[in-house]
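Reader: I have a structure to read and would like to go through it feature by feature. Where should we start?

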Number of protein chains: 2
Amino acid sequence: MSIHGGRGGRERLVVIGGDAAGMSAASQARRMRGPDELEIVAFERGHFTSYSACGIPYWVGGDVSERDHLVARTPEEHRARDIDLRMRTEVTEIDLAGGRVRARDVETGEESWTSYDKLVIATGAAPVRPDMPGVEAPGVHGVQTLDDGQALLDTLSATRGRRAVVVGAGYIGVEMAEALIKRGFEVTVVNRGREPMSTLDPDMGRLVHRAMEGLGITMVNDTEVTKVLTGDGGTSLLERSREPGGGRVRAVATEDAEYPADVVVLGIGVRPATGLARAAGLPLGAHGGLLTDLGMRVRGQENVWAGGDCVEVLNLVSGQEQYVPLGTHANKHGQVVGTNVGGGYATFPGVVGTAVSKVCDLEIARTGLREKDAERVGLQYETVTIESTSRAGYYPGASPMTVKMLAERRTGRLLGVQIVGREGAGKRVDIAAVALTAGMTVEQMTALDLGYAPPFSPVWDPVLVAARKAAAKVRAGSR
Amino acid sequence: MSIHGGRGGRERLVVIGGDAAGMSAASQARRMRGPDELEIVAFERGHFTSYSACGIPYWVGGDVSERDHLVARTPEEHRARDIDLRMRTEVTEIDLAGGRVRARDVETGEESWTSYDKLVIATGAAPVRPDMPGVEAPGVHGVQTLDDGQALLDTLSATRGRRAVVVGAGYIGVEMAEALIKRGFEVTVVNRGREPMSTLDPDMGRLVHRAMEGLGITMVNDTEVTKVLTGDGGTSLLERSREPGGGRVRAVATEDAEYPADVVVLGIGVRPATGLARAAGLPLGAHGGLLTDLGMRVRGQENVWAGGDCVEVLNLVSGQEQYVPLGTHANKHGQVVGTNVGGGYATFPGVVGTAVSKVCDLEIARTGLREKDAERVGLQYETVTIESTSRAGYYPGASPMTVKMLAERRTGRLLGVQIVGREGAGKRVDIAAVALTAGMTVEQMTALDLGYAPPFSPVWDPVLVAARKAAAKVRAGSR
């Protein structure tokens, strides 16, 4: 083991993690301070930097032809900006007292310490891999990293069977279901929740459920996968002879049933990869993510910042910390961290919980609080659900859209919006995202001057229709 | 002449104008108060009620097959809700002191007075018809009412020539240019301004200009039409014999040139139809529209309200009255007027100036102030223009989008946004519309939690990219 240190008058910034948050922070810090003032060392244990994990389902589904299209900036590009990027190098320990990190070369196993003046933790997320028999069998795939995506694609090409089971029906689950349909698989989605997309209320998830069935996807709700069945059994002798090693996935089992599977995709979400931070004694929240202040500095620390999928963020509507692993936040965090590390000033005030997704032509969006979120934080609310269309009803391509809106009792403050529809439905949630950020009431929203022309909206935008109805309900409830 | 009056204990509401604002007001008043409490009499001089004038270009272009699809509610439907609707009846005088209006049956010419307790003026807009030779010639069409649209369609079918000239390149002009292209015409647009879409700054209008040329539309800017040339001359003897009466349009002339035309469409905008109001001595603003308070009551009047295309509205960004004839506002006005007339409470706080439009697949949007609007009201500002894409760059169908943003110097308050792009560009302006309403700074906007997924947006939404750049410019300008 060697110790790297001694760097003259320059400060050294060490970044752990080479994806969105970490490399955005490094790049922004570099923009703020040149190499003569700040040395930047970044460690990444994988093969890639700055890639779009959110794009993996579209690469698997064939919409994106090349893995490299998902890479926003390569290691070489980072190095060209005077970032000392160490690929395939895993940080194994943070020594806060000593101001240094220990890193291991993944290939050689060699370890060394690197000292820092400022540290950025951007260790990201790890997929939840349920602890059940068979989950490590060949043919069972997570889809968190580009390496995962490549492995899944290799399996899809090699497998002769056409039956796929997706475990989990959140964003990744439904996007992977679509990808597999596009690859010509028969897809079954096994979901623990009452309806798919548990980030929506079940009444809205039900719309997603119906649409998925319409696409030929078999939805199994309210069911937990208990084990992965492998090897001998359903597979023919011929197939087994072609896939030596046996023990390959052949089905997933729940309490009541078995679902044959030639490939299984785990889409049950991710959790913060905060083992390092935990071992170093850094403060973690209820969801296991690092806790930071508004400048993304780790709470109680002078010279440690964190961002991306390893932190918890403030939900501005609930007033509580939340875990929201999403590339758009990671990029913002990186920007804020890099600015502050570079001696500037920036904050990340929090999120309102906006997310959009699609399954084939179905667009699904949400922001703010669901009913159960509101209840959890002690908010009473009114809800309305309305049906409208994406364009003027008479304009070609007008498609139905369902909007659910939650408003606080008495104050009428907007609490949340969920939208399910076709083209034009998803990004309409941004109207509500901005209104939530501004703390608007639904009554105020009824007067919003939104873009109107027949190809873009009915004369009352669906969000306004919902706001009007919600405002009326709040007024009625106040009597 | 007879006098209608004497109505027992009921109040009588009289509504002048049977389109969006008037009939929304009538319907909302009816919802608030039943026929035993409130009698509602509405006068409409035309053949239709509650129709979408904004839809006329799409009907002319063939996207909307039937005129009746543009009618949201027929006279019969209004009557079924106990509204005494008098079609083809034109109000010719308002007697404020006497609390009565004089109306004339358009067909019989018979006139009568009707007294009111409450009056709603919703007389709409009249197309600007330039005072030049030949403007009344056959083949020259405005497109303000359904009757106008039908007349134009009749001409398009009857005309053998395929050359169309559109005068004006605002919303109606560009939409009509597209409609005529779809009908198989060669289209020339003659525009007084430097670039089409003068509701945009010229640098953004330039993008529309290029796109229109790409569609095969000939754009002639910086040129005023001085006369319409008719009759004999270019037209063959054969044609003249088929179109008896002669004097038909054959070209439009400017100072320097002539543009052959088999049909001419006037798309140079509308002005408030406030002749009646002016004659009655009601207060009009600088743009000729009625002036109301926030509850849409005509200023200085106890029992007269107004809404729709005949009023001026407060622009919340400039703090000044503006004339914005748009169906979405007319509907909101009607809602507010009807509520107040019915004894409730509602306000229309104002507009931020949002508008969207399209020419073929080009989407054009704006909200807030242009550079010259800001200058006019004494605001100093920074501007940025950025290029981004509608979806993640690697996702199929990602198309370029240009966003221009204006922010106030020092405060950094958002002043305006203009967007030109393809699918997904237009309605993005709503993000800025809500932010303007909330009085956000561009710095605050950089943290907005907008919907992100590769099919919907790059990881930094184009509006966020613009906000970041604008915020940096405001900071730099404050040094």
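Author: With the polar contacts between the chains. This is a predicted model, and 22 residue pairs are in polar contact between chain A and chain B, both residues at pLDDT 80 or more. On the side of chain A that touches chain B, helix H9 (327-341), strand S22 (355-359), helix H11 (429-437) and helix H13 (462-477) each supply at least two residues.

Reader: How many salt bridges are there between chain A and chain B?

Author: The count is two. In a salt bridge between the chains, the side chain of Lys427(A) meets that of Asp461(B), at 2.7 Å from N to O.

Reader: How is the size of an interface given?

Author: Often as the accessible area lost when the parts come together. Here chain A and chain B bury about 4,700 Å² between them, and 67% of that is on carbon and sulfur atoms. Tyr394(A), Asp449(A) and Phe456(A) supply 17% of the area that chain A buries against chain B, more than any other three residues.

Reader: How are two copies of a chain related?

Author: By a rotation about an axis and a shift along it. A turn of 180° with a shift of 0.0 Å along the axis lays chain A on chain B with an RMSD of 0.0 Å. The two copies are thus related as by a two-fold rotation axis. They meet through the same surface, because 100% of the interface residues of chain A are also interface residues in chain B.

Reader: Why is Cys360(B) not bonded to Cys54(B)?

Author: A disulfide is a covalent bond between the sulfur atoms of two cysteines. The closest cysteine sulfur to that of Cys360(B) is in Cys54(B), 19 Å away, which is too far for a bond. Over all chains the count is zero disulfides.

Key: Residues numbered from 1 in each chain as written. Chains lettered and ligands numbered in written order. Predicted model: local features only at pLDDT ≥ 70, side-chain atom pairs only at ≥ 80, totals over all residues. Heavy atoms only, no water. Disulfide = S-S within 2.5 Å. Least-squares fit on C-alpha atoms with pLDDT ≥ 70 in both. Contact = heavy atoms within 4.5 Å. Buried area = accessible area lost by both parts, 1.4 Å probe. Salt bridge = Lys/Arg side-chain N within 4 Å of Asp/Glu carboxyl O. Polar contact = N/O pair within 3.5 Å; in protein donor to acceptor, adjacent residues only side chain to side chain. Helix = DSSP H or I, 4+ residues; strand = E, 2+ residues; numbered from the N terminus.
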